[in-house]
Amino acid sequence: MDIKDKVVLVTGASSGIGRATAELFIRKGATVVLAARSLEEVKELAVKMPDTLAVAVDMTKPQEIQQMVQETQAFYGRIDVLINNAGQELNTSMETINVDNFARLMTSDIYGPLVAMQTTIPLMKQQGGGAIVNISSGVFQTAQSTSLQAASAKSVLNMISLNTRTEYIDQGISVSLVYPQEPEADVQKPTNRRTVTHTKRQADMPKLDSPEAIAAKIVDPIENGIAVDFL
Ligand SMILES: NC(=O)c1ccc[n+]([C@@H]2O[C@H](COP(=O)([O-])OP(=O)(O)OC[C@H]3O[C@@H](n4cnc5c(N)ncnc54)[C@H](OP(=O)(O)O)[C@@H]3O)[C@@H](O)[C@H]2O)c1
């Protein structure tokens, strides 16, 4: 997909990976919708970036997610790309897990992206296609005690993403997964004929996954028009 003039919706755009991704899309000529809970922060960013719209959303609230998609559609008339990036970290060991906090993380990191996809896919179908990238995490492949909550949530998101990919790939909608990695990680993933798996870091990428390096991985499958698992 040629990114120029495409409408891209980025959740969690106020900082980190989401912000770097929004900036990269802007540099490539896209129109970007910046979504986060803190409307003031995304509004401030929108002032600095051309061709952007700031939208408030709490990814734990399905109604707000639907509103975000409807607002984007009403303002720009289409959505070509959805980046489900908003997420949070909860680093505690088993015995100190607060179940209410864990449930909130599950809601924002699993059901949030699910509702965003459910609401956006019908629009993409009407348009004849689109691209979705869900931001997972390298932690789902590890068994560090403090990653239990993030790893569990991202594992579910991975399966939702892979099943959604299979369901919509023939309708021109690609669903990709990007796994921000811990430094020095180098892991293997199975491939099939419809996906490409990058198992080695590219020589020109920094070893530590900076937000900018992750942003480049997010844009890659969209430009190449294929569903990707990008480690
Ligand atoms: N950085 C890493 O090394 C790394 C590693 C593995 C995975 N990841 C994944 O990458 C994604 C981004 O991480 P990051 O490091 O860039 O995080 P970050 O700097 O903490 O940014 C998180 C973004 O998500 C938004 N957000 C958080 N909870 C939200 C909610 N309930 N509803 C709407 N927006 C929400 C935040 O804005 P508001 O607070 O204003 O809502 C912010 O814009 C996450 O999914 C994370 O799990 C990151």
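This is a short dialogue on reading the ligand site and a few single residues in a predicted model.

Visitor: Let's start with the ligand. How many residues surround it, and which are the closest?

Guide: A contact shell is just the set of residues with a heavy atom within 4 Å of the molecule. Here 22 residues surround the ligand, and the closest are Ser14, Ile17, Arg37, Ser38 and Asn85.

Visitor: What is the make-up of that shell by class?

Guide: You sort the residues into three bins. Around this ligand there are eight nonpolar, 10 polar and four charged residues.

Visitor: Which backbone atoms should I look at for polar contacts with the ligand?

Guide: Look for N or O pairs within 3.5 Å. Take the ligand's oxygen atoms to begin with: one is 3.1 Å from a polar backbone atom of glycine 12, and an oxygen atom of the ligand also lies 2.8 Å from a backbone N or O atom of asparagine 85. Then there's a ligand nitrogen atom, 2.8 Å from a backbone N or O atom of methionine 59.

Visitor: And how much of the ligand's surface does the protein bury?

Guide: For that, you compare the ligand taken alone with the ligand in place. Alone, it exposes 880 Å², and the protein buries 78% of that. As for where it sits, the space the ligand takes is the largest pocket.

Visitor: Now single residues. Is valine 57 buried or exposed?

Guide: Relative accessible area under 20% is called buried. Valine 57 has 3%, so it counts as buried. You'll find valine 57 in the loop between strand E3 (52–56) and helix H3 (62–76).

Visitor: How far is valine 57 from valine 69 in space?

Guide: Check the C-alpha atoms. Those two are 12 residues apart along the chain, and their C-alpha atoms are separated by 9.9 Å.

Visitor: What about aspartate 5: buried or exposed?

Guide: The other cut-off is over 50% for exposed. Aspartate 5 has a relative accessible area of 56%, so it is exposed. Aspartate 5 belongs to the segment before strand E1 (7–11).

Visitor: What does its backbone phi look like?

Guide: Check the sign, and whether the residue is a glycine. Aspartate 5 isn't a glycine, yet has a positive phi of about 70°. Aspartate 51, also a residue other than glycine, has a positive phi near 55°.

Visitor: Where is aspartate 51, then?

Guide: In the loop between helix H2 (39–48) and E3. Its relative accessibility is 51%, so aspartate 51 counts as exposed. Aspartate 5 and aspartate 51 are 46 residues apart in sequence, but 9.4 Å apart in space, C-alpha to C-alpha.

Notes:
Residues numbered from 1 in each chain as written. Predicted model: local features only at pLDDT ≥ 70, side-chain atom pairs only at ≥ 80, totals over all residues. Heavy atoms only, no water. Polar contact = N/O pair within 3.5 Å; in protein donor to acceptor, adjacent residues only side chain to side chain. Areas by Shrake-Rupley, 256 points an atom, 1.4 Å probe, with all protein chains shown as cover. 1 Å grid on protein atoms, 1.4 Å probe; cavity = no way out; pocket = protein on both sides within 12 Å on 5 of 7 lines; lining within 4 Å. Sits in = over half its atoms within 2 Å of the grid points. Nonpolar A, V, L, I, M, F, W, Y, C, P; charged D, E, K, R; others polar. Helix = DSSP H or I, 4+ residues; strand = E, 2+ residues; numbered from the N terminus. Buried < 20%, exposed > 50% of the residue type's maximum accessible area, 1.4 Å probe, protein only.
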